[in-house]
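Got the viewer open? Let's take a walk through this one, selecting a few residues at each stop.

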Amino acid sequence: MKREIYCDSCKEETPHVLINPSKHLFQCEVCGSVMEVLPEKRVELRAIISRDDVSERGKIEVPRSEVLTKGEEVVVEVGEGYRVGEITSLELKNGKRVDVASAEDIETVWLRDVGEVKVRISLHKGPVTTPYEIFTSGEVEFTVGEILPVEGRKYRITRIKLINGGLLKKEGRSAKAKEIRRIYAQFIR
């Protein structure tokens, strides 16, 4: 096992190799000095991950001193497995909600599921607008100008409304499904 560790002899972070796992001894690959590096204690945090209107309890295990930030993606252990969630809020032990906190100060991590997300689409055909939804990986990209096949018909994406309030209108601009609030598409045939 190799990792970057601050070396007291070199006075900087250098690559170290684990030479004795039971005693946690690492050897610097630059100067050869040996040092003990104890594993950091980990904490288990309560996590509430939401997909649309459904929330599920889970947990996150992280090093005690790790700093978590709103917008960061983490893996959440839930009843039947794991989910990828984006942190939307951190609740401290005193009940206060913050955007950044050390794991040891956090009571609950609030997240939205970005592993599989619902993408809402407004399909326009003349004066009629039809709502449509698809479920897809949060990493799938949609692009203004892209053709969407929907139930045997084709629609061109004209605008993409983002969760952060932005609006993409210029052809070629794209966003990942996890960033999208709604897609607007025009019938082409």
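## Stop one: the pocket

Start with the largest pocket, which has a volume of about 320 Å³. Keep in mind as you go that this is a predicted model. To find the spot, select Asp 52, Arg 112, Lys 118, Arg 120 and Ile 163: of the 15 lining residues, these lie nearest the centre of the pocket.

Now colour by strand. β5, β12, β13 (116-125) and β20 (180-187) each give two or more residues to the lining. Which of the elements gives the most? That's β13, with five residues.

Try colouring the lining by residue type as well. You should get nine charged residues, five nonpolar and one polar.

## Stop two: the largest core

Hide the pocket and select Leu 45, Ile 60, Val 76, Leu 90, Ile 106, Val 109 and Leu 111. These have the most contacts inside the largest nonpolar core, which has 19 residues. Two or more residues apiece come from β5 (42-51), β6 (54-63), β8 (73-78), β9 (81-92) and β12 (106-113). The largest share, four residues, belongs to β5, a strand you already met in the pocket lining.

Zoom in on Leu 90. Leaving aside residues up to four places away in sequence, Leu 90 touches a whole list of others, including Leu 68, Thr 69, Val 98, Val 100, Ala 101, Ile 106 and Val 109. Charged side chains turn up among its contacts too: show Lys 96, Arg 97 and Asp 99.

Apart from that core lies another, of 18 residues. Pick out Leu 148, Val 150, Ile 160 and Leu 168, which are among its members.

## Stop three: β17 and its partners

Select 153-162, which is strand β17, and add β16 (residues 147-150): the two pair antiparallel over four bridges. For a pair to check, Ile 147 stands opposite Arg 156 in β17. The hairpin they make has two residues between the strands, and Glu 151 takes a positive phi near 50° there.

Next, bring in β20. How many bridges join β20 to β17? Seven, with the strands running antiparallel. Look for Tyr 155, which stands opposite Phe 187 in β20.

Last, add β18 (residues 167-168), which pairs with β17 in the antiparallel sense over two bridges. Lys 161 has Leu 167 of β18 as its bridge partner. These two strands also form a hairpin, this time with four residues between them. Finish on Gly 165 in that turn, where phi is positive, at about 100°.

Note on methods
Residues numbered from 1 in each chain as written. Predicted model: local features only at pLDDT ≥ 70, side-chain atom pairs only at ≥ 80, totals over all residues. Heavy atoms only, no water. Core = buried A, V, L, I, M, F, W, Y, C linked by side-chain atoms within 4.5 Å. Buried < 20%, exposed > 50% of the residue type's maximum accessible area, 1.4 Å probe, protein only. Contact = heavy atoms within 4.5 Å. 1 Å grid on protein atoms, 1.4 Å probe; cavity = no way out; pocket = protein on both sides within 12 Å on 5 of 7 lines; lining within 4 Å. Points joined across faces, edges and corners; volume = space filled by probe spheres on them. Pairing = 2+ DSSP bridges.
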